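Here is a friendly walk through one protein chain, with a few stops along the way. Please keep the 3D view open as you read.

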Amino acid sequence: MRQYFTLLGLLFGLCFSAVSAERQISLSIDGLDGDLYDNVEAYLSSVSPKDYSPSLRFQARLEDNISQALQALGYYHPTIRFAFNQEDAEITVHVDPGPPTRIESVDIQLLGDAHQDEYFQRVVQASQLKKGEILNHGDYEQLKSKLQSLALERGYFNTKFAENRLEILKDDNLARVVLHFDSGLRYRFGKTTMVGSQIDPERVASLQTYRPGDPYQVSKVGEFNQRLANTDWFSSVLVEPDLTHLDTQQNLPMNVTLSPASQNQIETGAGYSTDVGPTVLLKWNKPWINNKGHSFSSSFSLSNPEQLVTTSYKIPLEDVLNQYYELQYGLKRVDKLDTKSIESNLSVERHWRLSNGWHRTLFTRYLIENYELGTLDDVGQFVLPGITFSRTRVRGKRLLTWGDKETLTLEYGNEHLHSETDILRIQAGTSWIRTYEQRHRGLFRLGGGANLVDDFSQVSPSLRFFAGGDNSIRGYSYESISPRDAKGALSGAKYLATASLEYQYNLYGNWWAALFYDYGDAFNSTPNWKRGTGVGVRWVSPIGPVRLDFAWGLDATPGDEFHIHFTLGPEL
């Protein structure tokens, strides 16, 4: 008999050598589908195609892998046959999984404080381990893992399995599940001790997401950690429970270790867009000034047509992250097309970040603008109280896969309250980004504004509307769309309405192609709609999306229809 098997192995080996010299052997599985096929395929993925062979040793290896894959899903009595087609160099494995093993009984018990915890009850109820169901070893291991993970998340630090076994009655195709999970006590938050903070301890403590005596939850610890980091007061934040006294006390002391952020932070940068050309940026921030958490920031933006300096002083209130006062001052010089102005803005603002994601701002701003606009040469003064609602929601990092942004601003000025004329300003906009099947993206923008005013000739240039440019109607120069005065100079508009629709397709990696259509006008009474269309390229660079557009202004002045638009920065 031994000689027979030796001879048979030799014949298989010679056969294999002959076939291998010609081509690679392939492998196919027959008789399985669904989860059974997928699991067998997963188990066989560890076998290199270079090892495929019609030899008895290789068949035994395959049979062992296939049997393990089927047993994991509750099939303990498979029938496995091999066939080798020498002409096609293909091994076919015919598999009959046999009868499934079903669960005869389930004994799952929650002991300790977890017995009354609805989160543990939900995990057990959601388990696929039910009487009469086909046994799946993965479901059993998954339930054990979920119970242990949930225990750590919810403050059960002395857990154990009093009993855990899976009994298999192979001859009867039956299984019995026994799982007794003893959670022990649920620990609670104790006293919080903070070290290293330069901010008033009461102000820092107001950011806590728990109170002493509350049941322990990892999510609340993480949220507290995140809230501290979001203040920008600290360079490092660590919130952790003290687990050294688990055996003697149920209330866990919490330790918060903080390191102050640098009191002076300077950032420099440069940018470019076809709207304003090269831009130099400089920012100076003081994330904390005193132990109340007040902060200061300033920025300088210098380009050929526009130079802007802004400063801001922020005063957090009791709800540090969500409510604060802000004093802002901005000085802007503009020299482009038919507009020359020096604009000074001073504003007092009250901010609320609402629980529904909206940001509400009440403000009053004082505007003085010395300007030349076409035939106008004047100094405008306005006191404009107003309100702004805004919300931004995004998914994705360097490239947004989903997002929307909405803004609405209302401002009012009265000539009896230090304004040149009675005016009500309305500005609104919305932008959407949606991704379909990873390779297709759509972007839609809609924006508009209105100046409801008694004497429009008294309205300063910064309060008027212009259209055209990289982020407006492409195919036209920056802010080149507006009504013109008697001498043909751009004079700005009472109203603005723009829309943009863009489709993007992923070419390869971080490169996308774009097709767009823009529509809109800046007008005083009746719009003379302008259309722009074109194609573009998008590159998701390490510092953000880069956009290059080749645009045609379908209603532009003859000879000025083609424009190239280049921008670097977020799409929303």
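Which residues of helix 4 (residues 118–126) are buried? They are F120, V123 and V124. Looking down the axis of helix 4, you would find these buried residues within an arc of 95°, so they line one face of the helix. Turn to the face pointing away from that buried side, and you meet the exposed residues Q125 and A126. Please keep in mind throughout that this is a predicted model.

**What helix 4 packs against**

The buried residues of helix 4 have three packing partners to look for: strand 4 (102–111), helix 5 (137–153) and strand 6 (174–182).

Take helix 5 to begin with. The axes of helix 4 and helix 5 come within 10 Å and cross at roughly 170°. An angle over 145 degrees counts as roughly antiparallel, so that is how helix 4 runs relative to helix 5. Their crossing is right-handed. On the helix 4 side, the contact is made by Y119, F120, V123 and V124, while helix 5 contributes L143, K146, L147, L150 and A151. Sorted by class, this contact has 8 nonpolar residues, no polar ones and 1 charged one. F120, V123 and V124 thus turn up twice, as the buried residues of helix 4 and as part of its contact with helix 5.

Strand 6 is another of the packing partners of helix 4, and V178 lies in this strand. Is V178 buried or exposed? With a relative accessibility of 8%, V178 counts as buried, because the cut-off for burial is under 20%. Leaving out residues up to four places away in sequence, V178 touches D107, Y140, E163, N164 and R165. For a sense of distance, try the pair V178 and A229: they are 51 residues apart along the chain, and their C-alpha atoms are separated by 45 Å.

**A second pair of helices**

Now move towards the N terminus, to helix 2 (residues 34–44) and helix 3 (residues 56–71). How do the axes of this pair cross? They come within 9 Å and cross at roughly 135°. Helix 2 and helix 3 are therefore oblique to each other. Helix 2 passes helix 3 in a right-handed crossing. The residues in contact are L36, N39, V40, Y43 and L44 from helix 2, together with L62, N65, I66, Q68, A69 and L70 from helix 3. By class, the contact between helix 2 and helix 3 has 8 nonpolar residues, 3 polar ones and no charged ones.

**Two loop residues with positive phi**

Next come two residues that sit in loops between strands. Each is set out in the table with its phi value, place and accessibility.

| Residue | Phi | Loop between | Relative accessibility |
|---|---|---|---|
| L337 | near 50° | strand 14 (323–336) and strand 15 (339–353) | 53% |
| E437 | near 50° | strand 19 (423–436) and strand 20 (440–453) | 58% |

Phi of L337 is a positive value in a residue other than glycine, and the same description fits E437. L337 counts as exposed, and so does E437.

**Two strand residues and their distance to R441**

The last stop concerns S301 and Y505, each with a distance given to R441. S301 has its place in strand 12 (residues 295–303). With a relative accessible area of 24%, S301 is partly exposed. Apart from residues up to four places away in sequence, S301 touches T279, V280, L281, E306, Q307 and L308. S301 and R441 are 140 residues apart along the chain, and their C-alpha atoms are separated by 32 Å.

Y505 is found in strand 21 (residues 495–508). Its relative accessible area is 31%, which makes Y505 partly exposed. What separates the C-alpha atoms of Y505 and R441? The separation is 6.5 Å, although the two residues are 64 residues apart along the chain. If you set aside neighbours within four places in sequence, Y505 is in contact with R439, H440, W511, W512 and A513.

Notes. Residues are numbered from 1 along each chain as its sequence is written. This is a predicted model: local features need pLDDT of at least 70, side-chain atom pairs count only at pLDDT 80 or more; totals for chains, interfaces and linings use all residues. Side-chain values use heavy atoms; hydrogens and water are left out. Axes are lines fitted to C-alpha atoms, for helices over the stretch in contact, and angles run from 0 to 180 degrees between N-to-C directions. Helices (H or I, at least four residues) and strands (E, at least two) are DSSP runs, numbered from the N terminus. Angles under 35 degrees count as roughly parallel, over 145 as roughly antiparallel, 65 to 115 as roughly perpendicular and the rest as oblique. A crossing is left-handed if the near helix is turned anticlockwise from the far one by less than a right angle, and right-handed if clockwise. Contact means heavy atoms within 4.5 Å. Ala, Val, Leu, Ile, Met, Phe, Trp, Tyr, Cys and Pro count as nonpolar, Asp, Glu, Lys and Arg as charged, and the others, Gly among them, as polar. Buried means under 20% relative accessible area, exposed over 50%, partly exposed in between (1.4 Å probe, protein chains only). The arc is that of the directions from the helix axis to the C-beta atoms.
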